[in-house]
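Please examine the sequence and the model shown below. The paragraphs that follow lead from the surface to the interior, and then to the charged groups.

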Amino acid sequence: MESGLPGEPASPPPEAPTDTGRLRAALRGRCPRCRDGKIFAGILKMNERCPSCALLFEREPGYFTGAMVVSYTLGVPLLALLIGVAWFGLRLPVEWALLAADLAFLVFVPAVFRWSRVLWIHFDRTVDPER
């Protein structure tokens, strides 16, 4: 594209979204479209729309049901790791290891909740960006 004024260089073409940029946006909890606006307004409070590009995060009622699958996928290995640490590392009886792991897992619940929603939004927008 040319600027229209003689002697001025042409502006560079717009950058195409890259997978690296998408991954960086997901890791930072940013919008999958503009990669600038924050998905979460607080620890557990989500923005309804992107503050930068106004993308509606929840496409339809029940949209975050898919995020429950992601949450399960993140939570089960984490809980298994905590059980292993309590049972094998701390040598607790199995009942106490399960209880200790469950209580320790409560600390990670907000992070698992946030990550599951962010990853779900990014996955969904990658698979079906225009809907």
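L27 is exposed, since its relative accessible area is 55%, and exposed means over 50%. This residue lies in helix α1. The model in which L27 appears is a predicted one.

Which residues accompany L27 in a nonpolar patch on the surface? The patch is made by L23, L27, L74, W115 and L119, and covers about 440 Å². The elements that contribute two or more residues to this nonpolar patch are α1 and α3.

Before going further, it is useful to see the whole chain. The secondary structure comprises three helices and zero strands, and from the N terminus on the order of elements is α-α-α. The chain has 131 residues, of which 28% are buried. Its accessible surface amounts to about 9,100 Å², and carbon and sulfur atoms account for 66% of that area. When contacts between residues at least 6 apart in sequence are considered, 47% of them join residues at least 24 apart.

Helix α1 can now be considered in detail. It spans residues 19-28, and within it G21, A25 and A26 are buried. Viewed down the axis of α1, these buried residues fall within an arc of 135 degrees, and therefore they line one face of the helix. A general property of helices is useful here: an α-helix has 3.6 residues a turn, so residues three or four places apart point the same way. On the other side of α1, the residues D19, T20, L23 and L27 are exposed. Two of these names, L23 and L27, have already been met in the nonpolar surface patch.

What covers the buried residues of α1? The cover includes α3, which spans residues 94-127. A residue of α3 that illustrates this contact is V118. V118 counts as buried because its relative accessibility is 4%, and buried means under 20%. V118 and A26 are 92 residues apart along the chain, yet their C-alpha atoms are separated by 6.4 Å. Leaving aside residues up to four places away in sequence, V118 touches A26, G29, I39 and F40. Of these, G29 follows α1 and has a positive phi, near 75 degrees.

The interior of the model also contains nonpolar cores. The largest has 14 residues, and those with the most contacts inside it are I39, M46, F57, F64, W120 and I121. Helix α2, residues 65-89, and helix α3 each supply at least two residues of this core. The greatest contribution comes from α3, with three residues. M46 shows how one member of the core is surrounded: apart from residues up to four places away in sequence, it touches I39, F40, A41, F57, F64, R117 and I121. Another core lies apart from this one; it has five residues, among them I83, A101, F105 and V112.

The last topic is charge. Side chains of opposite charge can pair when their charged atoms come close. How many salt bridges are counted in this model? The count is two. In one of them, the side chains of R59 and D124 meet at 3.2 Å, N to O. This pair links distant parts of the chain, for R59 is in the loop between α1 and α2 whereas D124 is in helix α3, 65 residues apart. Both R59 and D124 are buried; R59 counts as buried because its relative accessibility is 15%.

R59 also meets the side chain of D128 in a salt bridge of 3.8 Å, N to O. Here too distant parts of the chain are linked: D128 is in the segment after α3 and R59 is in the loop between α1 and α2, 69 residues apart. Is D128 buried or exposed? D128 is partly exposed, because its relative accessible area is 28%, and partly exposed denotes the range between under 20% and over 50%. Taken together, R59, D124 and D128 form a network of salt bridges.

Key: Residues are numbered from 1 along each chain as its sequence is written. This is a predicted model: local features need pLDDT of at least 70, side-chain atom pairs count only at pLDDT 80 or more; totals for chains, interfaces and linings use all residues. Side-chain values use heavy atoms; hydrogens and water are left out. Buried means under 20% relative accessible area, exposed over 50%, partly exposed in between (1.4 Å probe, protein chains only). Helices (H or I, at least four residues) and strands (E, at least two) are DSSP runs, numbered from the N terminus. The arc is that of the directions from the helix axis to the C-beta atoms. Contact means heavy atoms within 4.5 Å. A nonpolar core is a set of buried Ala, Val, Leu, Ile, Met, Phe, Trp, Tyr and Cys residues joined through side-chain atoms within 4.5 Å. A salt bridge is a side-chain nitrogen of Lys or Arg within 4 Å of a carboxyl oxygen of Asp or Glu. Patches are made of residues with over 30% relative accessible area and no salt bridge: like charges are joined within 9 Å, nonpolar side chains (Val, Leu, Ile, Met, Phe, Trp, Tyr) within 5 Å. Accessible areas come from the Shrake-Rupley method with a 1.4 Å probe; for residues, only the protein chains shown count as cover.
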